[in-house]
Every structure is written in structure tokens, then in C-alpha cells.
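Reader: I would like to learn how to read the features of a model like this one, going step by step from the overall fold to the details. Where should we begin?

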Amino acid sequence: MKLDAYDSHELAQLKGDFAKEYADLKAKGLKLDLTRGKPSAAQLDFATPLLGLPAPDYKTDGGEDTRNYGNLKGIAEIRELWAGLLGLPVDNVIAGDASSLNIQFDLISWAMQFGTADSERPWNQEPVLKWLCPVPGYDRHFSITEHFGFEMIPVPLNEDGPDMDMVERLVAADPQIKGMWNVPVFSNPTGVTYSEEVCRRLVEMPTAAPDFRIVWDNAYMVHTLTDEFPVNHPVVEWAAEAGNANRVWEFASTSKITFAGAGVAFFASSEANIADYVSHASIRGIGPNKVNQLAHLKFFGDADGVRAQMLRHKESLAPKFDRVLELLEKRLGEYGVAEWTTPKGGYFISLDVVDGTARRVIELAKEAGIALTGSGSSFPLKDDPNDRNIRLAPSLPPIEELEAAMDGVATCVLLAAAEQFSAR
């Protein structure tokens, strides 16, 4: 029976039962962490052979000595490999250092100071700056636009991508809306993958700002939890065909494919945007870590090598996701106090609890030694208007610890819901 259908006497009894379960949970003295989507030690071990590469030969097939300065666009061979995965020509892709988030920060920072290839003036000279934020979304994205003082406008994220009727209406009317965050494949945290229709509408829609930019953070483009790999729509090419060649800034990386802190990042865009990027990057530095790029090239070999690596990750991750989903259903399903996503890829499960209780659930979990991502993290300024969303990250702990953590989280969800309903 749904928890909100119990009468006051039955609810009081259940609340007492949940409180006792919670006391037992606290007595265990747990110290568990589900805060961030980090690869486990076992996943990181998959890339151990990288540590011996690219020795003994540090030259590319084209004869470039990767140990030296230069080549801001990265070595051609790793760019060709990733361009193939993205479905783009190699001239539209450059390779950088470890994190694509760094490149995203740079591009917005440089747009603030210098403008973009389509800007009438630097963004910091605009009277107001606004940015669209599909929600629930990636907290580090929101932190960047918060850092630069953008007014962030939440947009609901549906099963096929953002609410496009709302997006199209907003960008057509307001020239101060300069861009939009997107995680188009296995979105963080819901696992949603954008449909072709949504992708085409995004690159084709009229915008009042001539320098409107779509940040296309394709972080999970090959991160499947099944034996099937997702389709990566060539939005850079589609934007050019629609007459909006410079609209898309696309990103990818090997951060959760090899070593999270020592991978290769990729930036895909129009030739004009890449030239603009290089004009600033050439002042900032003398070139990326090409030794690491060559090591990754030798480690993967080709696109099939990347997919083979991701199937290893799937074998490690899928049982954890399956177990979390089983525990959520077993502990919470009958009471109707939560809903959750069932992703086919990526690193997260999005859990919606009873409205007004997410903060309380996270607080209870913390007191019991279970660290969850902070309340509201999937929303701009950490403001979840319904106080219901919690991002779960099953990847890091061993499955035994994960089971203990999720069983504990379920107890916290039930107690918080019972408290809420009792208060009513």
C-alpha cells in the first residue's frame, strides 16, 4: 500500500519502525561515499598498460616527435580516431589535455573577455547575461555559468531531451541568452539521450543572439551499460547545414575511459570556432601533452579498441547499477515514495523522493555515515524548487559497500517520507 494511504495510527506505527531501522543503521558506523561519479579502482586498472606507453617510440606516423613543443591542435592520429567516433571530419576536431571541462571554462572565459567569432562585443560588456540550463543537470556546468555571473534559466529535461517548445520560445525572443548546457547522451544525472528531432531543432532554431552557443558535452558518448552503443548525432555538421555553423561547441574526453585525471580532451566545432580557440590557446600555452595523446592512440589502436575498452567498463558497472535498481524497487517500490531512472549508460541514477524531503534524506544519510551529492546539486544555484531530486553515483564503491549504502539510503527515504506525511 502507498505510504500516503495509511491512516494516522498505521502511519505512526510505520514511522516508528522506520526510526528503529534508522537507529540500527547509525549504529553500524558506516563511512560510505556516493557523491561523485568516479571510476572504481578496478576500472582504473583497465588502463594500466597506458603507463608503459608510448615508449620506446615517441614519434607519430607522420614523424612528429611528441616530446617537443608545438601543435596546438593535438596529434592528427588521435584526432582522426575521435572524429570517427563523433562522425565528423578531422578538421572539425582538436585534441587537448585531460579534461573537456577545462576547455568549456576557457571558451566561456574567452567569450567574456574577447567575444566569439560572431559577437558584436565581449560578453562582459553585455548589460545582462543569461544561459539555459536543462534540469536535472550537471552541477559543474552550472558552477561555471554561476561563476561568471550568468542568470541561469532552468528548462525541464524530458525523456527525449530538453523542452524544445520552451527553448525555442526563449532564445527567439531574448538576445541576452548566450548559450545552453547539454549532456546529450546518457545525460547527467537522468541518463536521458536526446532524440534526433531535438538535436535538429537545437541547431536549426532561430536565436535573437547572433553568438548563441550550444555547449554539447558528449562526456558519455560511449559509456554504455548494455552491449549496444548509442548513436552520436553529427550536430556540428547539422548546424552548418542549417546556416548556423558556429553554434555548437562539442566536447568529449577519455576521462572515464582510461585515467580520470590524465586523459585526453576533445573539442569539436566549426573551423572558425577552432581558429578562434587556437588564437587564444596559443597565448596561454605552447601545446598539449602529445606524449599522452600518442600513448592513448597506441593503447586504443582504433575505434573498435575504444569500444572494447568500454565493454570492459560495462562489465564492471552494469552489475552495480542493476543492484541499486533492485534495492530501490525492493525497499521503496511498494510504498510509492520515490521514482528513479533506469539508465542504459552513463554514471548516474536520478532519484526523486517525496516533494520537500530530499534535503532531509541527505541529512539523515550523512548522519548515518553515507555521503550523497548535496541537495539541489542538479539545479542552478543548488535550488531544487521541489526539494525532491537526489543524484546517485554507483560506480566507485565495491558492490558490497554499494548494497549497504543503498539499503541505508532507502531507510532514510522511508523515514523522511513518514515524517512528512505525519506532519500533514
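Author: Let us begin with the vocabulary of secondary structure: helices and strands here are DSSP runs, a helix having at least four residues and a strand at least two, and both are numbered from the N terminus. Read in this way, the protein, which is a predicted model, has 13 helices and 13 strands.

Reader: What radius of gyration would a compact globule with 424 residues have, and what does the protein have?

Author: A compact globule with 424 residues would have a radius of gyration near 22 Å, and because the protein has 23 Å, the two agree. Taken along the principal axes, the C-alpha atoms fill a box of roughly 75 × 55 × 35 Å.

Reader: Which domains does the domain assignment give?

Author: The assignment gives domain 1, made of residues 8-43 and 308-423, and domain 2, made of residues 60-302. The centres of domain 1 and domain 2, taken over C-alpha atoms, are separated by 31 Å.

Reader: How should I read the interface, and how many residues of each domain are in contact?

Author: The size of an interface is often given as the accessible area lost when the parts come together. In this model, domain 1 and domain 2 bury about 2,500 Å² between them, with 64% of that area on carbon and sulfur atoms, while 27 residues of domain 1 are in contact with 29 residues of domain 2. Ten residue pairs are in polar contact between domain 1 and domain 2. On the side of domain 1 that touches domain 2, helix H11 (303-332), strand E11 (349-353) and strand E13 (389-392) each supply at least two residues, and the largest share, eight residues, comes from H11. The residues of that side of domain 1 divide into 13 nonpolar, ten polar and four charged.

Reader: How many salt bridges does the rule find across the interface of domain 1 and domain 2?

Author: Side chains of opposite charge can pair when their charged atoms come close. Across the interface of domain 1 and domain 2 the rule finds three salt bridges, and a search of the whole structure finds 25. A salt bridge is also formed by Asp-139 and Arg-391, with the closest N and O atoms 3.3 Å apart. In another pair, the side chains of Arg-213 and Asp-118 meet at 2.8 Å, N to O. This pair links distant parts of the chain, 95 residues apart, with Arg-213 in strand E7 (residues 213-217) and Asp-118 in the loop between helix H4 (100-114) and strand E3 (130-135).

Reader: Which residues does the cis peptide bond with omega of about 5° join, and what is notable about phi of Asn-71?

Author: Most residues other than glycine have a negative phi, and most peptide bonds are trans. Here a cis peptide bond with omega of about 5° joins Leu-53 and Pro-54, and Pro-54 lies in the loop between helix H2 (41-45) and helix H3 (76-86). Asn-71 is found in the loop between H2 and H3, and its phi is near 60°, a positive value in a residue other than glycine. A cis peptide bond also joins Val-135 and Pro-136, with omega of about 0°, and Pro-136 lies in the loop between E3 and helix H5 (139-147).

Note on methods:
Residues numbered from 1 in each chain as written. Predicted model: local features only at pLDDT ≥ 70, side-chain atom pairs only at ≥ 80, totals over all residues. Heavy atoms only, no water. Domains from an automatic or database assignment. Contact = heavy atoms within 4.5 Å. Buried area = accessible area lost by both parts, 1.4 Å probe. Salt bridge = Lys/Arg side-chain N within 4 Å of Asp/Glu carboxyl O. Polar contact = N/O pair within 3.5 Å; in protein donor to acceptor, adjacent residues only side chain to side chain. Nonpolar A, V, L, I, M, F, W, Y, C, P; charged D, E, K, R; others polar. Rg over C-alpha atoms; globule rule 2.2 N^0.38 Å.
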